[in-house]
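Visitor: I'm new to this one. Could you take me on a close look at a single part, the place where chain A meets chain C?

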Amino acid sequence: MPSLLGNVFKGWADYSKANEDGGHHDYEHMYAMSIDLDKCTGCNACSTACYAENNLAWVGEEKFGARQAMNWMRVERYFDEPDVGEGSPDSLERGASFLPMMCQHCNGAPCEPVCPVAATYHTVDGLNAQIYNRCIGSRYCANNCPIRVRNFNFYDNAPTAWPAPMDQGLNPDISVRSKGVMEKCTFCVQRIRGASDKAKREGRELKDGDIVTACQQTCPTSAIQFGDLLDETSEISKAWKRQQVELGKYEQNKENPEMRGYRVYEELNIDTKVLYLERVREV
Amino acid sequence: MSADRPQHKSFPWIRTFIGTAVIGALIVLGAQVFEQQLHPVAPGEAPAPRVPGADFPMDTFDGKDVPQPINYSHKLHAGDLGINCLYCHTYARRSKVAGIPPTAKCMGCHTVVADDKPEIQKLTAMWQKGESPAWNKVNDTPDFVHFSHERHLQKFLLNNEDMNIEDAPDVCAMCHGDMNTVGVAKKMKPLTMGFCVTCHEKNNGPADCTRCHK
Amino acid sequence: MSKTKIDRRNFLKVLGLGTAGAAMAGCDMPSYVTSEEGVEKVYSYLAPEEYVIPGIGVWYASTCQQCPQACGVHGRVREGRVLKLEGNPDTATNAGKICQMGQSAIQAHFHPERIQNPTIGGKDATWDDALALIKEKASNASWVTGAVSGHQRVLMDVSREAAGNGRHYAIEAVNTRAWEDASAATLGDANPNLHIDKARAVLTIGADFLGTWGNPVQAMRDYGNFRNAPRGVLMAIEPAMSMTGANADTWVAARPGSEAAVVLGVGHVLMSKHGVSAAGMPSAASAFSAMNPAKVKDLSGVSEAQLNKIADTLMANSPSLVIANASHAAAHAAQVLNLMLGNVGQTITPGASLAAGAMAPVSGSTKDLVGFAMDANAGKIGAAIITGTNPTFLAPKGLDMSAALSKIGFKVAIADFHDETTKSCDVVLPMSSPLESWGTHVPANGAAPGTVHIQQPLMENVYANTRGLGDILLSVAQGAGAEGLDGFEDYYGYLRTAVSAMIGSDMEGDWNKVLQAGFATAASAPTAFKAGGDVALGFSEPASAGTLTLITSARQGMFDGRHANLPWLQEAPDQINKTVWDTCAELHPATAAKLGVKTGDYVSINTANGAISTRVFTYKGIHPDAVNVPMGRGHTDYGTYAENGVNPLTIMDATSGDRSSTELLSSSIAATVTPTGENRYLVRSMDLAEQHGRKLVATITADQFDRNQGGA
Amino acid sequence: MSNTKHLTDEQAKDIDENIAWAKINKDVLRSMENPRMGYWVALAFSVCLFGLFIYAEIYQYIYGMGPALLNTSHMWDLYISTFVFWIGMSHSGTLLSAILHLCHADWRKPIYRFAEAMTTFSLMTAGLFPVIHLGRVWNFYWVMPYMSDRGIWPNFRSPLIWDAFAITSYLTSSVLFLYIGMIPDLAICRDNTTGWRKTLYTFLSLGWRGDDAQWRNFRFTYLMIACFLIPLAVSVHSIVAMDFAMAIMPGWHVTTFPPYFVAGALYSGCAAIMTLFVLLRYFLKFEEYMTMPIMDKVCKLTFVIAMVWTYLNLIEFASVWYGHDIPSKEVLMAKATGPYSIFFWGMMVFGSVLPFSLLSQTVRHNMFAIFFVSIFLNVGMFLERWMIVTPTLSLGYHPQAFNVMWPGWVEWAMVGGSFGWFGMLFLIFVKVFPCVSMYEVKEMVYHRKRTTFADVDEMMELHTGVPGPAPKTQETGGS
């Protein structure tokens, strides 16, 4: 069948194009995030909003204890400050540090080259996409993720997580992942899709603020920002510029080292797209 | 080895390599056959749609007859009476789902038109009771697929200066076949990923997985 | 056609209830199965409004009922199902944000364990029988509720009056009562508006305003601005670290019960070191001067250096704000400090109150819990209608709540879930979820003047035989023969009329505007602070050093236990100790070492009121003399999801001291902790608390921050 | 042979050159007949183990990967380590038959056949694991590049894809190698058996007559596949090593992994050969072919490879220790001191210290001792693979994800079952196919003899008992 053979050659062409130097170069958008750790109170609202928006299954105490939880966004709590050493010996005089951690959508994502079936790859929107129904569950990507933000469906969680009529509350814009599939934060790709459809309906380009991720929307202190880095006028690209943090670097040489912006595991050259702003402390 | 050996033609080890090649070919072909069973695509005889600037796969699909609570005939309404698709499936141009027309729309005509037909009386009874018929879905995409009727209509119909709204049936026919010819709705196109991908390639649709997979 | 008149419910007619069920098939189903013809069903609308389009979500405004704060929300409704809640950007209380408890309202709404039918004596009954029985027996009924406001409160009051003036007990374990009393005593306004964002320095004494105190969503929004440059300084004094303490720049551990002394000590330093005058407040001044740092030290373990640091910061950053909820004494002292520091009028401004006082919020307290238990035990209560609270779960053993309830002749519960209290009730009326019913709410904290939040149903009843709280109240009130309620066939009609009267228009358009906005603005009565504000400041003697004291803290999520049946919140880790699905006892490592226990070991905590056994979590964010057990878990009859954990409230003490000053949240009781020898992994989302040298949460100093205007 | 002086003359010889060819045929054919009770017991045990494997796989198919207690940090555990273990074991056959064949080390001849069988079967075992460890095992064929109307392809950058190709090609060629090397012996079996065996061997021996031309083509093919197989074997295990080396995880991202893995593979392969050597020698009564001196050579070979492996191991530690990669250093320290330290030290003792016992003459000539030594060497090599996979996953980079995990019953069942599967295949093999190469042993005997007997005719008479001129062909295969 000619269409078949056509696909074969086209497939090869697309493949080699998409993989020259390991990824796209014709990005249409570059969605990125910034999180102000000085404003984050660790209240978990983002995490729960993610559960509600993305059909995340709750797993119960036993499986959670076996570290098989499905939280795409987790708020990590640390009691130490490495750059000033431990706090006072017997009391946490500086309180705790909270760190919302989700998929960083690295431009140099270690998970992408190792997926045997290309179920995870970089889209032209700069997202690190995960195609659930292409995934065969080799879990190589999760092994290769330094931040461990990829969640694998170790069980068929749906029946226990959404007993009727709870399934009526599922978000129809996201498929419910079944067992054996890897899943992770998508920067609320369904909201991105919806916003761009809406923009097309109104015959205009996407503008800053059209896309609001669930965590950003609900964050009570507005610590989370989201936007398109390729759009010079967007808040997020201004923020990145102000913080003098650039993509594609494994080491930022800032003119003003006192700017708070930094990215986690920069030294691994994974080129994460979530900008964290340092926590501020009185001395 | 001495020189006075007689020469020999037979190279039995060649067989082994031919064998390997054959096995490999069998694997590929077998996988293909399996794939074909997953996505039955019959060679198409469907009429080419009169959609300027659209080139679409000719594959057809011989869907089975799906019983419906009310034997609604597309042939009668769309074909003979020439009612525009978008008159009833009005959501298609505004939403990703085309949707079933609300009963009120049917009653708009059928309070007076053909209200003696048993099927219509069935409908009227439901309308009186305030319940809606439970239609069986005919053209269904899997739950992990994001398909927007709105976007496709915009591309091929609404934003296509060569088309006006009367040509809607030609656009719909690209994926639903010529509904003017069938009675109760049937699936007339495979609607498999291959079907979508082929059309996307021919019409420069997005090739990005996340655009269609959710 | 009249039969199919399109009312508000009909256009929510579901398109394809099967859709979500099909979504359950998920991505595993090979496409050739789920795309087969005739497998799924599609239901068409009857006659929808033109703006209802399948596949496109419509946002409706309503009000969140997950905690008493009544934040405004927008609910995304698609195909007749509400899928997601988000904050209403137009409400002053929460300005587009909601907390995780609000997010979980969806799960409570679709919960499989909700009550579906009225029961009389545990057996299913019809609404008519149940209401008739109430009409017959519930004369002179007392109302036992949580915090209520708006027209629900109005209906409760009129039915109480009509039925012979039963008492109204408003029970909330997590409340701001101490602060309200102090504010009323010193400023003459129980609910002043606090402007954290305007303050340069905030000192909180046991008031977890980022977690559960007041309206945390609003406080967190203000906190976000508070942290912008010039950056405000947050200081916290509390026995065990709360969410607020975790975010504080200076966190000071005080011995449980000694917080008042610390506040007095701060006042002492302010007066002696910084010469802040307590002019016109002689009694307060004397209390301050009496509390010298040495005394503070041996009462609370807070050193003079720490007191000085706090006082210096308060002086250096003005205006400041001192908030206290640790005890009435502490709250009074804190308000006096605000007066002395000149914060009143700058960071504390008069709160708004409705002209229609009948709708004003009734804030709950433990005082009413104690009162209810005592009155019931004394046989003063003939009949009780209980809704929105769970006294059996909240009451310490000392109050003997089960006996108290058994002494009440006739008990009605209006509830959406079976809990410990409904179990002992004669009649249980199934309440539909807040997302299915009408209502009005007046936020107690931080609302714009005259704001009344409208709660409108976002979808059809999930369980057909449930009724909205308002509808039930209306029927009860009508049954009780209250005047002026005839002619209203349902609460919607009543509310429509009432709100129209409130906004002075019954035009359909105005009503729709109100519904779209999510709140109506009624006439408000301006309030002003009274002058003076001198009060006698006392303090309670804490337990002596070295003796363990049990305290219990409320954390956002489990709150006071009402959310223990929501898996999302059970699985959302506790903000501080990061445990999920279970209770743990927080101990200081030094104390734990003394007891010979480590994280994960079971200990039995014994107080005068009994014993509980739970696992230990050790960290340094707690006073060595304190053992803190977060409240909320340990239900016995609250569904399958709420079985884990233990309930520390049972062994707390709400009656010691004078009842006006003891709130469960801030009470403490001497306890002995003994290891039981068992050990099991304490399930948490984080086992470690160190960053192992990775640059995860980097820090920068405040002066660097301010120098660079805070960056983003 | 430096140590000949310790041996009697009989022992000093790799094989007794006075064995009559007929006796060789007789012995080997005898080994294929009349299985004793012990055989059936062993076979039944293996089948039961394999049944356990099947049960575990079905269970996992139904309930997902959860019961294996894998978790967010430990996405691979015993599955992949066992996979590496079996891949490694598969290198022995290639070593003995291909490499030694090219080196003209003829002492390999009596023992290479079962080594090759071991290669094939351990590959067939190893191939199971990448498949069963998939979350959606029913889609495993998606890793194969086949044409479909979707026009989607596997990700050729992924080492797992390379694995798929490498393993399949290696399996194919080693099966060919085993089979082609067996053809002359199959002809012998054909001529000496009846019934179904006769049919089978007739079919398999491809009409082997043992004539001159066949022998030459046979030699050429055999030699060529041998040359073809060696780079393949090396590449296969290098690719398996790249599954780890291509990842960025500390303790995996190691440059020396490919040679390290190859050395480890040869090592475990030799250890496995020693084990099976002893078993076959006694259970199939091959004392005269699998002799003490051959075992002596195998032991020495094993010792050398063990030293190479130890060296590579130590330089890996050194490069981490003197490097600046803190997480890698943490992983190394955790291996030595953490919860898995007992297994780590077990690996070091069994893998690096125990081989020194092979230096002792007494051990090398005590089959009983050798048997247990080889068992422990194998255990050490299994632990090595586990210690490569699991400690890294238990630490990694992110502190929140640090956790220690012990495999669930499903995983253990799979591991145990894989041994059952291997044992089953091997037991069936030894009774259906000659596990000592008859014709090559004859060659060996002949060459040895030839070094002592001047006159070929006399030798021929001695062997065949037929006086007169020797046959034209020097190498007389077949019956």
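Guide: Here is a walk along that meeting place, with a short look at a neighbouring spot afterwards.

First, some ground rules: this is a predicted model, where local features need pLDDT of at least 70 and side-chain atom pairs count only at pLDDT 80 or more, while totals for chains, interfaces and linings use all residues. Residues are numbered from 1 along each chain as its sequence is written, chains are lettered from A and ligands numbered from 1 in the order in which they are written, and side-chain values use heavy atoms, with hydrogens and water left out.

Let's start with who touches whom. Chain A brings 94 residues into contact with 98 residues of chain C, contact meaning heavy atoms within 4.5 Å. The size of an interface is often given as the accessible area lost when the parts come together. Here the two chains bury about 8,300 Å² between them, and 56% of that is on carbon and sulfur atoms. (Buried area is the accessible area, taken with a 1.4 Å probe, that two parts lose on being put together, summed over both.) On the chain A side, the residues that lose the most area to chain C are Glu61(A), Arg77(A) and Gln168(A), which together make up 9% of what that side buries.

Now for the charges. Eight salt bridges run between chain A and chain C, each one a side-chain nitrogen of Lys or Arg within 4 Å of a carboxyl oxygen of Asp or Glu. You can look up Glu258(A) and Arg707(C), a salt-bridged pair whose closest N and O atoms are 2.4 Å apart. There are also 38 residue pairs in polar contact between the chains, both residues at pLDDT 80 or more. (That means a pair of N or O atoms within 3.5 Å; within protein, one must be able to donate a hydrogen and the other to accept it, and residues adjacent in sequence count only if both atoms are side-chain atoms.)

Which element of chain A gives the most to this side? Helix H2 (residues 45-53), with six residues. (Helices, H or I with at least four residues, and strands, E with at least two, are DSSP runs numbered from the N terminus.) By class, the side of chain A that touches chain C holds 44 nonpolar, 23 polar and 27 charged residues. For that tally, Ala, Val, Leu, Ile, Met, Phe, Trp, Tyr, Cys and Pro count as nonpolar, Asp, Glu, Lys and Arg as charged, and the others, Gly among them, as polar.

The chains share some strand pairing too. Strand E11 (residues 279-281) of chain A runs parallel to strand E30 (residues 699-701) of chain C, over three bridges; two strands pair if DSSP finds at least two bridges between them. Within that pairing, Arg281(A) has Thr701(C) in E30(C) as its bridge partner.

Before you go, here's a detour to some backbone details. Most residues other than glycine have a negative phi, and most peptide bonds are trans. In chain A, the bond joining Ala164(A) and Pro165(A) is cis, with omega about 5°, and Pro165(A) sits in the loop between helix H6 (158-161) and strand E7 (182-183). Cys188(A), in the loop between E7 and helix H7 (189-201) of chain A, has a positive phi of about 50° although it is not a glycine. Over in chain C, the peptide bond from Ser318(C) to Pro319(C) is cis, with omega near 0°.
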